[in-house]
2 protein chains.
Amino acid sequence: MALSDLLGKFNVSEAIEEETRHYVFNHTMLRVKDLNQSIEFYSKVLGFVPVYEEIFHDAAFTIVYLVRRAFSDIPTDDVLRKEWVLSQSGVLELTLNHGTETDESFKYHNGNSEPRGFGHLCVSVPDVVAECERFERLGVKFQKKLSEGRMNHVAFIKDPDDYWIEILQPTPLR
Amino acid sequence: MALSDLLGKFNVSEAIEEETRHYVFNHTMLRVKDLNQSIEFYSKVLGFVPVYEEIFHDAAFTIVYLVRRAFSDIPTDDVLRKEWVLSQSGVLELTLNHGTETDESFKYHNGNSEPRGFGHLCVSVPDVVAECERFERLGVKFQKKLSEGRMNHVAFIKDPDDYWIEILQPTPLR
């Protein structure tokens, strides 16, 4: 559907731009059971870099912001880096409530069984077939391999909390 | 904490960059009860633009991708626009399972009561005080106003499904 038709269908006016020009969709926050395991997964498997950590001792939680960005883009100065990460789009915030990492029975809800809500994150890659082979070599858990189900151009992998991460490529499969 | 210390603490190697250089954290997907209401909210309140819609008739669901971006940045060509949106970072995907919009008792789970998991989205703005005043004028529902709770520099608003959206500014309050 043409963009103008889509805007008309949903009654979206270009006037929205004036008031919201400087708004940035900054981050998505997920609670994780074990911060070390999650950061290992998001960095080694998907290339996310943890760039800012804040520990709230009184409230017993820790947050870490991660970005999928070249190291050379990330400010080294601590104050600038915090302002930078809160100005970017496509940031992942992971929250650890202290103690869950040592509670064997503790588990978060990934939103894809009842009660449903949040669905998934998505990482796009230039070549979905090649990257799924890489995930297999790394021993990543799959929710849906490319060959499974009806959509052979999309896979879903799972992070350590079983949150789903869609893997796709922007262009059609060759 | 210095970036190098943070990378050391979480055992993150700069070698991850080689294999994941072209990965993009593309989108976050939320299921919504009523797509028209949600797009009205995300466009009028937060300036998101719906740029691509796909209707899956057999499986009875519709997805829409939205971006917080200037209209002039968005390709008008339909094929290019789909490739473009799947190559961007900071995209929001909304999923409608057909029929929920007319089911009065239907409600999605926002992840912030048991069973918990997903926490919130976040939109950063240049001046959190001014924008929260704008949200008040628009009649937006708040989960937490700036003046409530311990953190007076952060607010949380709610979308039509009661998903939480954190509002903050990258710099300290003046």
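**Exercise 1. Locate B:N11 and describe its backbone and its exposure.**

Solution. B:N11 sits in the loop that runs between helix 1 (3-9) and helix 2 of chain B, where helices (H or I, at least four residues) and strands (E, at least two) are DSSP runs numbered from the N terminus. The model is a predicted one, in which local features need pLDDT of at least 70 and side-chain atom pairs count only at pLDDT 80 or more, whereas totals for chains, interfaces and linings use all residues. Residues are numbered from 1 along each chain as its sequence is written, chains are lettered from A and ligands numbered from 1 in the order in which they are written, and side-chain values use heavy atoms, with hydrogens and water left out.

Next, take the backbone: B:N11 has a positive phi of about 60°, although this residue is not a glycine. For the exposure, apply the cut-offs, by which buried means under 20% relative accessible area, exposed over 50%, and partly exposed in between (1.4 Å probe, protein chains only). With a relative accessibility of 58%, B:N11 counts as exposed.

Then turn to chain A, where A:N11 lies in the loop between helix 1 (3-9) and helix 2 (16-20). A:N11 has a positive phi of about 60° and is not a glycine, and its relative accessible area of 59% makes A:N11 exposed.

**Exercise 2. Find the cis peptide bonds that precede A:P115 and B:P115, and place both prolines.**

Solution. In chain A, the bond from A:E114 to A:P115 is cis, with omega near -5°, and A:P115 belongs to the loop between strand 4 (91-97) and strand 5 of that chain. In chain B, the bond from B:E114 to B:P115 is cis, again with omega near -5°, and B:P115 is placed in the loop between strand 4 (91-97) and strand 5 (118-124).

**Exercise 3. Describe the surroundings of strand 5 of chain A.**

Solution. Begin with burial: strand 5 (residues 118-124) of chain A is mostly covered, since seven of its seven residues are buried. Two strands are taken to pair if DSSP finds at least two bridges between them. Within chain A, strand 5 pairs with strand 8 (residues 164-168) in the parallel sense over four bridges, and A:V123 has A:I167 of strand 8 as its bridge partner. Across the chains, six bridges join strand 5 of chain A to strand 1 (residues 24-31) of chain B, and these two strands run antiparallel; here A:L121 stands opposite B:T28.

**Exercise 4. Work through three salt bridges, giving the setting of each partner.**

Solution. A salt bridge is a side-chain nitrogen of Lys or Arg within 4 Å of a carboxyl oxygen of Asp or Glu, and by this rule there are 20 salt bridges over all chains.

- Within a helix, the side chains of A:K44 and A:E40 form a salt bridge at 3.4 Å, N to O. Both residues lie in helix 3 (residues 35-44) of chain A, four residues apart, which is about one turn of the helix. A:K44 is partly exposed at 41% relative accessibility, and A:E40 is partly exposed at 39%.
- Between chains, B:E19 and A:R134 form a salt bridge at 2.6 Å, N to O. The pair crosses from helix 2 (residues 16-20) of chain B, which holds B:E19, to helix 5 (residues 128-138) of chain A, which holds A:R134. B:E19 is partly exposed at 49%, whereas A:R134 is buried, with a relative accessible area of 5%.
- Within chain B, B:K141 and B:D162 form a salt bridge at 2.9 Å, N to O. Because B:K141 lies in strand 6 (residues 141-144) and B:D162 in the loop between strand 7 (155-158) and strand 8 (164-168), the pair ties together parts that are 21 residues apart in sequence. B:K141 is partly exposed at 40%, while B:D162 counts as buried at 19%.

In chain A, salt bridges that share partners join A:K107, A:K141 and A:D162 into one network.

**Exercise 5. Determine how chains A and B are related.**

Solution. Two copies of a chain are related by a rotation about an axis and a shift along it. Copies are superposed by least squares on the C-alpha atoms of residues with pLDDT of at least 70 in both, and here a rotation of 180° with 0.0 Å of shift along its axis superposes chain B on chain A, with an RMSD of 0.0 Å. The two copies are therefore related as by a two-fold rotation axis. In chain B, the C-alpha nearest the axis belongs to B:G90, 2.1 Å from it.

Finally, consider the interface, for which contact means heavy atoms within 4.5 Å. Because 100% of the interface residues of chain B are also interface residues in chain A, the copies meet through the same surface.
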